Structure formats: structure tokens, C-alpha cells
Amino acid sequence: MGDTWTVKRNSWIPLVSGAAAFLLTLTVGAAATTDWLTRNIEMNRLMIAIEQSESAMKQVQDRVSIVFDELDGALPNSPEQNARTAAAVAELAAIAVDGEAAIGDAGRAVERVNILPWHTNIKEAQDAYLLHNYAWQGYMLSAQEDPVAFTTPQPLVNQTFEDSQDPLENAVPNPALYDLSVRVQDLYVEDSTSLGGPVI
């Protein structure tokens with residue numbers, strides 16, 4: 001009878017072990033799902049801030065293009081041309097002031113996106129893009145001092161834009177929500193100047 005009791009007493013052990021393993025699997029799965037969802041939410045918030053930053057840069061480029069278009073057509077060294085040039089210089093300086101403020105605000109929004117410490121790839125993407133935003137802020141400060149900066153190459157702006165591509169692409173969760181893959185790719189289309197990214 002003692003042996004029978006031992007068998008009955010031990011028969012529940014596999015059931016409990018199985019249940020514990022099942023619950024552990026559920027817990028691990030839930031944690032992984034929560035982390036994946038959190039990564040998507042963080043990346044979406046980061047992309048919203050980056051898209052706002054790119055929009056501010058694009059507005060600067062559009063306004064500058066309008067100013068230079070308005071300079072065309074007048075005879076060189078004519079009173080009309082001289083007046084247009086003076087007005088253009090003043091307008092370009094104003095664009096630089098507005099641009100530095102808007103791009104700076106956008107950069108601070110990028111910086112404020114909260115990212116969990118162990119989501120290192122998203123943090124690296126955030127840091128990489130911030131360097132591009134900072135380069136644009138420096139560009140705007142230079143243009144405030146001398147609007148001729150709008151006519152000269154900006155290698156730091158271009159390089160930081162290129163350098164931000166791999167970190168941003170690597171930070172997209174798999175699978176991705178919020179069209180994140182497409183939105184990151186859209187930043188780096190061939191004619192990326194249309195998005196405000198680099199300065200050619």
C-alpha cells in the first residue's frame with residue numbers, strides 16, 4: 001500500500017511541471033510581444049518627430065528657392081537688380097532666423113522621444129538623426145551671419161544625413177507597424193532634397 005501511495009502522490013508532479021512550463025512560456029511570450037509593441041511605438045514617435053524636422057528643413061529650401069527665382073530676369077548691375085539683391089539678402093537672413101528656430105524646435109522634439117535603455121538600436125537612430133538636425137541648425141546660424149551660405153556646399157549637413165540612414169533602417173522593428181519601413185525609406189529617396197534632408 002505504501003508503494004501505491006507513492007505512485008499516486010508523485011503522479012501530479014508531471015502535471016504541475018507541465019503547467020509551470022506552459023505558464024512560463026506564456027509569460028515570456030507576453031513579455032516579448034510587449035517589448036516588440038513598445039519598440040514600434042517608440043520608433044513611430046521618433047519618426048513623427050523626424051518627419052517634422054524634415055518638414056522644417058524643406059520649408060527653408062522652398063523659401064530659399066523662391067528668393068533665388070525672384071532674382072532672375074533683371075539686367076545685371078541695373079537699379080532693379082541691385083534692389084532685388086538687397087531685398088533677397090534681407091529675406092535670406094530672415095529665412096535663416098526662422099529656419100534655425102523651427103529646426104531647433106524640431107530637434108528638441110526628436111530629443112524628447114523617450115526610449116527604453118535596452119532599445120539600443122532605436123537610441124542609436126535617434127542620436128544619429130540628431131547630429132543631422134544639429135548640422136542644419138549650424139547651417140542656419142551661418143546663413144544668418146552671411147546669407148551666401150545658402151549658395152555654398154554644406155558637407156556636414158550632407159554627411160550627417162547619409163550617416164543617419166543605416167541606424168534608422170536598423171531600428172525598424174520586425175515586423176513593423178505604422179508603415180515604419182516605408183516611412184524610413186521615403187527619407188532617403190534618390191531626390192532626397194525634396195524632403196529637406198541634405199543640401200546639394
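**Exercise 1: The whole chain**

What percentage of the 200 residues in the protein is buried? Find this share, then describe the fold in outline.

*Solution.* Keep in mind as you work that this is a predicted model.

Step 1. Buried residues account for 36% of the 200 residues.

Step 2. Now look at the surface. The protein exposes about 11700 Å², and 60% of that area comes from carbon and sulfur atoms.

Step 3. Go through the secondary structure. You should find 7 helices and 0 strands, which gives the pattern α-α-α-α-α-α-α along the sequence.

Step 4. Turn to contacts between residues at least 6 apart in sequence: 77% of them join residues at least 24 apart.

**Exercise 2: A pair of helices**

Work out how helix 3 and helix 4 are arranged, and which residues meet between them.

*Solution.* Two numbers help here, since a pair of packed helices is described by the angle between the axes and the distance between them.

Step 1. Locate the pair: helix 3 covers residues 79-112 and helix 4 covers residues 120-145. Their axes come within 8 Å and cross at roughly 160°.

Step 2. Compare the angle with the cut-off: over 145 degrees counts as roughly antiparallel. Helix 3 and helix 4 are therefore roughly antiparallel to each other.

Step 3. Add the handedness: the crossing of helix 3 past helix 4 is left-handed.

Step 4. Look at the residues that meet. Helix 3 brings residues including Ala 93, Val 97, Ile 103 and Val 110. From helix 4 come, among them, Tyr 129, Leu 130, Trp 136 and Met 140.

Step 5. Sort the residues of this contact by type: 13 are nonpolar, 7 are polar and 2 are charged.

**Exercise 3: A residue between the two helices**

Is Val 113 buried or exposed? Find its place and its contacts too.

*Solution.*

Step 1. Val 113 sits in the loop between helix 3 and helix 4.

Step 2. Its relative accessibility is 12%. Buried means under 20%, so Val 113 counts as buried.

Step 3. Set aside the neighbours within four places in sequence. Val 113 is then in contact with Glu 42, Arg 45, Leu 46, Ala 49 and Gln 126.

Step 4. Take one of these partners, Gln 126. It is 13 residues away from Val 113 in sequence, and the C-alpha to C-alpha separation is 8.4 Å.

**Exercise 4: Unusual backbone angles**

Which peptide bond, ending at Pro 175, is cis? Find it, then examine the backbone of Tyr 178 and Asp 179.

*Solution.* As a guide, most peptide bonds are trans, and most residues other than glycine have a negative phi.

Step 1. The bond from Asn 174 to Pro 175 is cis, with omega near 0°. Pro 175 belongs to the loop between helix 6 (165-171) and helix 7 (180-187).

Step 2. Tyr 178 is in the loop between helix 6 and helix 7. Its phi is positive, near 60°.

Step 3. Asp 179 is also found in the loop between helix 6 and helix 7, and its phi is about 55°, again positive without being a glycine.

Step 4. Check accessibility. Tyr 178 is partly exposed at 38%, while Asp 179 at 58% counts as exposed.

**Exercise 5: A partner in helix 2**

What does Asn 44 touch, beyond residues up to four places away in sequence?

*Solution.*

Step 1. Asn 44 lies in helix 2, residues 12-71, and counts as buried at 14% relative accessibility.

Step 2. Asn 44 touches Tyr 178, Leu 180 and Arg 183. You met Tyr 178 above, in the loop between helix 6 and helix 7.

Technical notes. Residues are numbered from 1 along each chain as its sequence is written. This is a predicted model: local features need pLDDT of at least 70, side-chain atom pairs count only at pLDDT 80 or more; totals for chains, interfaces and linings use all residues. Side-chain values use heavy atoms; hydrogens and water are left out. Helices (H or I, at least four residues) and strands (E, at least two) are DSSP runs, numbered from the N terminus. Buried means under 20% relative accessible area, exposed over 50%, partly exposed in between (1.4 Å probe, protein chains only). Contact means heavy atoms within 4.5 Å. Accessible areas come from the Shrake-Rupley method with a 1.4 Å probe; for residues, only the protein chains shown count as cover. Axes are lines fitted to C-alpha atoms, for helices over the stretch in contact, and angles run from 0 to 180 degrees between N-to-C directions. Angles under 35 degrees count as roughly parallel, over 145 as roughly antiparallel, 65 to 115 as roughly perpendicular and the rest as oblique. A crossing is left-handed if the near helix is turned anticlockwise from the far one by less than a right angle, and right-handed if clockwise. Ala, Val, Leu, Ile, Met, Phe, Trp, Tyr, Cys and Pro count as nonpolar, Asp, Glu, Lys and Arg as charged, and the others, Gly among them, as polar.
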